[in-house]
Amino acid sequence: MVPTDKAAFALNRETGDLAEGAAKLASEIGATSVEAVLAQANRTGQRKGAAAAMGSMRPRPAEWYAFDDRDQDTADWYPQGLTGSEDSGDIGIPAFMVSWYFKPEAGERGIRVSFLSPKSLKYQHALLVQAKPDGSYGPINIHAGGIACYGDLLYVADTRRGLRVFDLNNLLDLRTAQKDLGDGKRVGRHGGRLHAFGYRYIIPQTDAWTVAQEGPRFSFVSIDRSGDTPRLITGQYEETSPDGWVGRWNLDLEGGEPVDAFVMGHPKIQGATSYRGAWYLSQSAGASANGKLLVHQGEEPEARPFPIGPEDLTVQDGKLWSVTEFRNKRTIFSVSL
């Protein structure tokens with residue numbers, strides 16, 4: 001972890017008409033809460049399911065949750081980002097949020113977020129959309145490699161552009177506007193009806209922070225709440241180079257420039273967070289080999305065992321959590337800090 005020029009990663013705020021478009025949709029469709037969504041969630045995970053994700057990891061995590069068979073088996077949707085109710089501070093029950101991107105043979109279906117209760121293992125998907133002031137809306141076709149929630153704001157990594165922002169006060173329930181969920185193959189307004197590829201819930205984008213200069217990539221996001229001032233963390237995945245960067249911002253992103261930035265010194269970093277002075281890096285090794293958790297709290301990093309396909313990182317309940325992405329190996333799991 002070598003300090004580097006933080007000015008290279010500056011962001012500019014570009015709200016445009018995003019907030020106006022979201023407000024238009026919210027005025028027509030009733031908003032609901034994360035707590036209400038989880039109270040009637042339509043899918044059920046499995047405690048310590050999809051054990052193939054653990055591969056040769058020893059010891060195995062003390063706790064993990066697997067998505068249901070439909071979400072395990074699909075070759076179209078891949079989980080990437082992870083955040084939780086402790087990051088938010090405003091969600092009234094324990095919860096995790098997972099971002100997924102669509103990897104289709106043909107067509108596009110954007111990105112979605114799953115809300116999951118670690119107590120009941122019930123979960124529900126919501127489609128993230130971009131709305132316009134005329135009330136139209138469409139999917140957002142990005143990788144969504146990381147997410148972080150602070151208060152009501154959900155930050156989603158947009159690899160080439162920076163960060164997209166969604167307000168959970170605009171978690172909209174289509175069933176308050178119409179009796180059914182429309183055509184499962186369409187999205188937006190068609191013939192006076194609302195469609196979201198069959199999803200009941202949509203969340204429109206309200207804000208954006210875009211790169212001030214070309215070059216930096218935004219691959220993952222997390223929040224460090226362990227210090228006096230919470231920080232937003234994001235950084236760049238590099239396939240073969242050790243020169244991927246990571247930086248920490250004040251949560252208001254004032255000035256657009258990070259507080260500090262570092263070159264990580266490792267390739268294939270899928271997620272990063274800092275906690276009480278230590279850095280935690282999630283390193284992948286493909287769909288069939290175990291990844292590593294790299295911990296920097298001294299001169300030399302410590303490599304710890306990790307599952308196959310680890311992605312974004314978050315801290316909740318005094319543990320480090322991550323999500324695994326590959327087919328039939330999709331879990332949310334925890335390890336000690």
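In the predicted model, strand E1 is joined to strand E21 (residues 260-263) by two bridges, and the two strands run antiparallel. Within this pairing, Pro 3 of E1 has Phe 262 in E21 as its bridge partner. The pair belongs to an open sheet of five strands, ordered E1-E21-E20-E19-E18, in which the pairing is antiparallel. Strand E1 (2-3) and strand E18 (220-224) stand at the edges of this sheet; each has a single partner strand, so one side of each is left without a neighbour in the sheet.

Another open sheet of five strands follows the order E4-E5-E28-E27-E26, with antiparallel pairing. Its edge strands are strand E4 (46-47) and strand E26 (310-316), each of which pairs on one side only. Two bridges connect E4 to E5 in the antiparallel sense, and Gln 46 lies opposite Ala 66 of E5. On the other pairing of E5, strand E5 (residues 63-66) and strand E28 (residues 331-336) are held in antiparallel register by four bridges. Glu 63 has Ser 334 as its bridge partner in E28. Strand E5 is covered on both faces: Glu 63 and Tyr 65 on one side are buried, as are Trp 64 and Ala 66 on the other.

Turning to the pockets, the largest encloses about 240 Å³ of space. Its lining comprises 16 residues, of which Asn 42, Arg 43, His 125, Gly 198 and Tyr 199 are the closest to the pocket centre. Helix H3 (69-73) and strand E9 (122-131) are the elements that contribute two or more residues to this lining. By class, the lining consists of four nonpolar, six polar and six charged residues.

The second largest pocket holds about 180 Å³ of space. The residues lining this pocket are Gln 80, Tyr 101, His 143, Gly 145, Thr 159, Ser 219, Phe 220, Tyr 237, Gln 270, Glu 311 and Glu 325. Three of the lining residues are nonpolar, six are polar and two are charged.

Among the residues of the second lining, Gln 80 was examined individually. Gln 80 is located in strand E6 (residues 77-84). Its relative accessibility is 1%, and Gln 80 therefore counts as buried, the cut-off for this class being under 20%. The side chain of Gln 80 forms a polar contact with the side chain of His 143 at 2.8 Å; both residues line the second largest pocket. When neighbours within four places in sequence are left aside, Gln 80 is in contact with Ser 99, Tyr 101, His 143, Ala 144, Gly 145, Glu 311, Asp 312, Val 323 and Glu 325. Several of these contact partners, including Tyr 101, Gly 145, Glu 311 and Glu 325, also appear in the lining of the second largest pocket.

Technical notes
Residues numbered from 1 in each chain as written. Predicted model: local features only at pLDDT ≥ 70, side-chain atom pairs only at ≥ 80, totals over all residues. Heavy atoms only, no water. 1 Å grid on protein atoms, 1.4 Å probe; cavity = no way out; pocket = protein on both sides within 12 Å on 5 of 7 lines; lining within 4 Å. Points joined across faces, edges and corners; volume = space filled by probe spheres on them. Nonpolar A, V, L, I, M, F, W, Y, C, P; charged D, E, K, R; others polar. Pairing = 2+ DSSP bridges. Buried < 20%, exposed > 50% of the residue type's maximum accessible area, 1.4 Å probe, protein only. Polar contact = N/O pair within 3.5 Å; in protein donor to acceptor, adjacent residues only side chain to side chain. Contact = heavy atoms within 4.5 Å.
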